[in-house]
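Student: Could you take me through a close look at one part of this model? I'd like a single connected account that also places it in its wider setting.

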Amino acid sequence: MNTKFLLFFLTLLIVPCIAVTAAAYPLTVGNAEVEDALGYLASCQQADGGFAEEGEESSPALSTWAILAIVSAGGDPDQWSRGGVSAGDYLRTVADETVAIDGTSETAKLVCTLVAAGEDPRNFEGHDFIALLQAKQQADGRYGEHIYTTNWAIIALSAAGKDVSGGVLWLKSQQNEDGGFGWTVGGESDCDDTASAIEALIAGGIPQDAPAIRDAVAYLKSRQQADGGFNYGGSSATNSASDAWVIQALVAAGEDPLTWTTATGNTPVSHLLSFQADEGYFRWTSVLTDLPCKMTATAIPALTGRPFPVIPVKGAVPVAPPEAAATPVPTEAPSVSAKDTPVFDSSADSRTITDDFGRELSLPAPPRRIVSLAPANTEILYALGLGDRVVGVTDYCNYPEAALGVDKVGGYSSVNIEKVLQAKPDLVIAAFGNTEEVITHLENLGITVLALNPASIEDVTDNILLVGEATWADDEAAAVVADMQARIDAVKTAVACADTTPSVVHMVWNDPIWVSGSGSFQDEMFAIAGATNAFSSVQGWEIVSMEEFIVTDPDVIIANSGAGMGGGNYDILYRYVTEEPRFQGLSAVQNDRVYLVDSDIIDRGSPRIVDALEVVARDIHPECFPEDNGAQPVPTQSPASFIGALAAVTVLGYCLGRQGK
């Protein structure tokens, strides 16, 4: 890309941010931006009183965000109704479900929402949610296992007037040297978790001028981007969720976000407003509309200057709910449609291929500059010997080691379009988790995009062949697939010796419990390895209740290594399963059949999926692999392994309470 075009493109990105300004902050319901956002949020309300994205059913996760947004704008959830059923009515229907899934952040968010809605969390639908949340506190003061769960718990319990000094003390001890906070113990600092930690510490009684607060604010200032906004971390794109968290944290810390002005004249508030569409909703990034109801509910408290916890203003006259938007259909973000001529090698014949979404691509010659937008794609490229052509990868592409030195182009589901363009690719290999909007936007810029979406091990081998065809590495791809198939066949032959078919669970998260169901790589692994999935009734990756997990009583439990979601230097899921008092009667625990598997190899659709199959088969049927002598491989700790692997299931990150990153 030449310099003149790059400057032109950057201008297109920056000008909308400059054009959107806020004359005063905080905004009120009288501001058109807030009214439009509330109008769109009203269109998200369903007949049961809850809130949902278009085409989906109401969810507790989104509905709690929506109710907090309503209260932050001076509204009353009981006055927001659809067909005579109010948001408050819906809240009553999720109490039992929240108890059943037993998640720290889920319980904390419900407590926050109940306090905001004027309900008593100590006695709501027959449950004492304060006691349930307090029971999550460990001896060292944290709530649950992580920083983000502790943040939410402190915010919730302080809203209910409870002592949170132990949690605050532990949280302060987790502050990194750069002043920021990560999502878990040992995690790198990021804007979202630093912002929520600031809100938690202040809610827990730490003064605004305390060193912990000032250092955290300084970290946020160091992370502000030229466009005035904030990203989650790494090279990911700036987004409305991070903007909202930072704005709320600044207000809590006594800062005026309008004074945080960049050289381009942008502030966090103007940048957040630049994501608002004419229909009233907020995009996640400049090119990604993903979860518009959630992003809108996240933006409203920030614009109205209401940090968490959101407490109703005493004596305020409730604001009447707005009329729902007539046609709340997200529109595409503005795009440009020019790029440099692709750097193809014209010495070879052209090819036409079809990707996993049925899209036909014309490739004039072997691509020489390739950008990968998923860890699995990166692993495939290197396995085919194409590492020297890879000029851009995501922040989560950590294998092989050579990929760590490649320029980063954003997160898995928060692709930084500007950085992709700077890499001057003639081929981008994308994945389902990058979203159709991002793929379409890249194509509108004239970039050739090959999109992959494997749902089985066979799909993985097909994808390897497809990438080989798209890069003129057909022979290399065929060799990789042949080796994979030979190893798969060897596993099938080996486990034929077994005379039992154990039931197996793959746990990918514990707070709340997430498992791999049918239609997943893991489900297929179990079948090949001579076992059955104890949760075959689950589709993909879903939450199951504590009771469901105990009643299922699997013979074998496979747990992701490390912190499950990557980061940290200890095996949270393994420790959780083996130490949880309610699990001590499980067959897998009593028989010492809880195993660790490297998150990267079991969750990614790459050639290493066969590595995971071999490990799982040996765990399930050690008697069929006598040469191993029952040795358990040491799992590899890797940063962000689960996020990078399962970001295709984008809703997972939100349901885990991870601030919508």
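**Cysteines and their surroundings**

Tutor: Let's start with Cys-397, which counts as buried at 1% relative accessibility; buried means under 20% relative accessible area, exposed means over 50%, and partly exposed is anything in between, with a 1.4 Å probe and protein chains only. Cys-112 counts as buried too, at 3% relative accessibility. Before going further, keep in mind that this is a predicted model, in which local features need pLDDT of at least 70 and side-chain atom pairs count only at pLDDT 80 or more, while totals for chains, interfaces and linings use all residues. Residues are numbered from 1 along each chain as its sequence is written, and side-chain values use heavy atoms, leaving out hydrogens and water.

Now the bonded cysteines. The structure has two disulfides, a disulfide being a pair of cysteine sulfur atoms within 2.5 Å. If you number the bonded cysteines of the protein chain in sequence order, the pairing reads 1-2, 3-4.

Cys-44 and Cys-293 make up one of these disulfides, with an S to S distance of 2.0 Å. Cys-44 sits in the loop between helix H2 (32-43) and helix H3 (60-72), and Cys-293 is in helix H14 (residues 292-303), so this pair ties together parts that are 249 residues apart in sequence. Helices here are DSSP runs of H or I with at least four residues, strands are runs of E with at least two, and numbering goes from the N terminus. The torsion about the S-S bond of Cys-44 and Cys-293 is about -85°, so the disulfide is left-handed. Cys-44 is buried and Cys-293 is buried as well.

Right before H14 there's a backbone oddity worth a glance. Leu-291, in the loop between helix H13 (268-273) and H14, has a phi near 55°, which is positive in a residue other than glycine. In general, most residues other than glycine have a negative phi, and most peptide bonds are trans. Leu-291 counts as buried at 16% relative accessibility. On the other side of H14, in the loop between H14 and strand E3 (351-354), you'll find Pro-309; the peptide bond from Phe-308 to Pro-309 is cis, with omega near 0°.

H3, the helix that follows the Cys-44 loop, is worth a detour. Eleven of its 13 residues are buried, so H3 is largely enclosed by the rest of the structure. Among the buried ones are Trp-65, Ile-67, Leu-68 and Val-71. Their cover includes H2 and H14, along with helix H4 (87-93), helix H6 (104-116), helix H8 (147-159) and helix H12 (240-252); contact means heavy atoms within 4.5 Å. The end C-alpha atoms of H3 are 18 Å apart, which agrees with the expected 18 Å, the expected span being 1.5 Å times one less than the number of residues. After H3 comes Gly-74, with a positive phi near 85°.

The other disulfide joins Cys-497 to Cys-624, again with S to S at 2.0 Å. Its S-S torsion is about -105°, so it is left-handed. Cys-497 belongs to the loop between helix H19 (474-495) and strand E9 (503-510), and Cys-624 to the loop between helix H25 (609-620) and helix H26 (641-646), so to speak distant parts of the chain, 127 residues apart. What about cover? Cys-497 is partly exposed at a relative accessible area of 45%, whereas Cys-624 is buried at 10%. Further along from Cys-497, a cis peptide bond joins Asp-511 and Pro-512, with omega about 0°. Pro-512 lies in the loop between E9 and strand E10 (513-516).

As for the wider setting, the protein chain comes to 27 helices and 14 strands. Of its 661 residues, 60% count as buried. Among contacts between residues at least 6 apart in sequence, 68% join residues at least 24 apart.
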